[in-house]
Amino acid sequence: MIELDQAAYSYGGGELLSDMTLSIAKGSFYFLTGPSGAGKTTLLKMCYADLVPTAGNVRLFGQNLRNMTRDDIATVRRRIGVVHQDCQFLDHLSVLENIALPLVVSGQDKLADRANLKELLAWVGLSKRANALPPELSGGERQRAALARAIILSPDVILADEPTGNVDWDMSQRLLQLLIELNKMGKTILIASHDLGLIRTAKSQVQARVLRIYNRRIQLAGANL
Ligand SMILES: Nc1ncnc2c1ncn2[C@@H]1O[C@H](COP(=O)(O)OP(=O)(O)OP(=O)(O)O)[C@@H](O)[C@H]1O
Ligand SMILES: [Mg+2]
């Protein structure tokens, strides 16, 4: 699904990420850890075709990022749901409208999808907040709304950037259970997180692997995390 082949990234200075080789298979569950500023968000951006590596290659669903047209990128992005680190809602639209936005933008705003939307809101526990505006939401509600928006188009891959960054333990567990459920449905999951407690809980429930950015490179962490 996601393949890195000696991929590197530099924002202009020296390389932030170097010589990364990795293959994320369909249906797998990965965490991505590393200190603040290590490049987790940057790596995720390459995984959803927002950044092209400055050296080496990244392939998404078998297609090399370097050879993709705008249409190819749009097609690939439809298969990838992203929960951004800062959520990025349109504050003048309701929670429901924000979650439905990918449907509207992709021209798939059909009645059947509207029914799914209700189900999805219930699944993330936000039925009662459908008409609220994003600034009125708590941190945990925002994260769940962001997750709902990320999966509305039924993507194959879900990338979540610190999805439990601003929430308490109970809420982070709840979010994790949602991600585990998605993985059980066959979705490929990649979560950037500092939260070792969360990672340990996940590892006790699913076969989760842990990637770590260390010294600009990516490594698979051992079993004793
Ligand atoms: N658009 C940009 N232009 C220049 N430098 C950038 C840009 N975006 C990020 N950086 C720098 O690249 C480095 C890695 O940033 P990135 O956001 O990928 O780290 P991170 O591991 O996600 O950190 P955090 O845990 O704090 O979210 C940081 O030093 C950051 O300042
Ligand atoms: Mg980050």
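**Notebook: sheets, domains and ligand shell**

**Entry 1. A pair in the mixed sheet.** I began with threonine 33 and found that it stands opposite arginine 212 in β9. The model I am reading is a predicted one. I then looked up the strands around this pair. Strand β3 covers residues 29–33 and strand β9 covers residues 208–214; the two run parallel and are joined by five bridges.

**Entry 2. The whole of that sheet.** I followed the pairing outwards from β3 and β9. The sheet is open, has six strands, and is ordered β6-β7-β8-β3-β9-β10 with mixed pairing. Why is one side of β6 and of β10 left without a neighbour in the sheet? I noted that β6 (80–83) and β10 (217–220) stand at the edges and each has a single partner strand, so one side of each lacks a neighbour there. From one strand to the next, the twist averages 20°.

**Entry 3. The β9 and β10 hairpin.** I next examined the edge at β10. β9 and β10 run antiparallel and are joined by four bridges. Across this pairing, tyrosine 214 stands opposite arginine 217 in β10. The hairpin has two residues between the strands, and asparagine 215 takes a positive phi near 55° in it.

**Entry 4. A helix over the other edge.** I turned to the β6 end of the sheet. Helix α5 (residues 139–151) lies across β6 and β7 (157–161), and I recorded its direction as about 165° to β6.

**Entry 5. The second sheet.** I looked for further strands and listed an open sheet of four, in the order β2-β1-β4-β5, with antiparallel pairing. Its edge strands are β2 (17–24) and β5 (63–64), each of which pairs on one side only. I checked one pairing in detail: strand β1 (residues 2–9) meets β2 in the antiparallel sense over five bridges. Isoleucine 2 has isoleucine 24 in β2 as its bridge partner. I also noted helix α1 (residues 40–47), which lies across β1, β2 and β4 (55–60) and runs at about 130° to β1.

**Entry 6. Domains.** I then looked up the division of the chain. Domain 1 takes in 1–79 + 155–225, and domain 2 takes in 91–153. Their centres, taken over C-alpha atoms, are separated by 23 Å. How many residues of each domain are in contact with the other? I found eleven residues of domain 1 in contact with ten residues of domain 2. On the domain 1 side, helix α6 (residues 169–184) supplies the largest share, four residues. That side of domain 1 divides into eight nonpolar residues, two polar and one charged.

**Entry 7. α6 against α7.** I stayed with α6 and examined its packing on helix α7 (residues 196–205). The two axes come within 11 Å and cross at roughly 40°. The crossing of α6 past α7 is right-handed. From α6, Ser172, Gln173, Leu176 and Ile180 make the contact, and from α7, Leu198, Thr201, Ala202 and Gln205. I sorted these contact residues into four nonpolar, four polar and no charged.

**Entry 8. Around ligand 1.** Finally, I asked which residues are around ligand 1. I listed Tyr11, Leu16, Gly34, Ser36, Gly37, Ala38, Gly39, Lys40, Thr41, Thr42 and Gln85. By class, I counted three nonpolar, seven polar and one charged residues in this shell.

Definitions and conventions
Residues numbered from 1 in each chain as written. Chains lettered and ligands numbered in written order. Predicted model: local features only at pLDDT ≥ 70, side-chain atom pairs only at ≥ 80, totals over all residues. Pairing = 2+ DSSP bridges. Axes fitted to C-alpha atoms, helices over the stretch in contact; angles between N-to-C directions. Contact = placed C-beta atoms within 7 Å. Domains from an automatic or database assignment. Nonpolar A, V, L, I, M, F, W, Y, C, P; charged D, E, K, R; others polar. Near = placed C-beta within 6 Å. Left-handed = near helix turned anticlockwise from the far one by under 90°.
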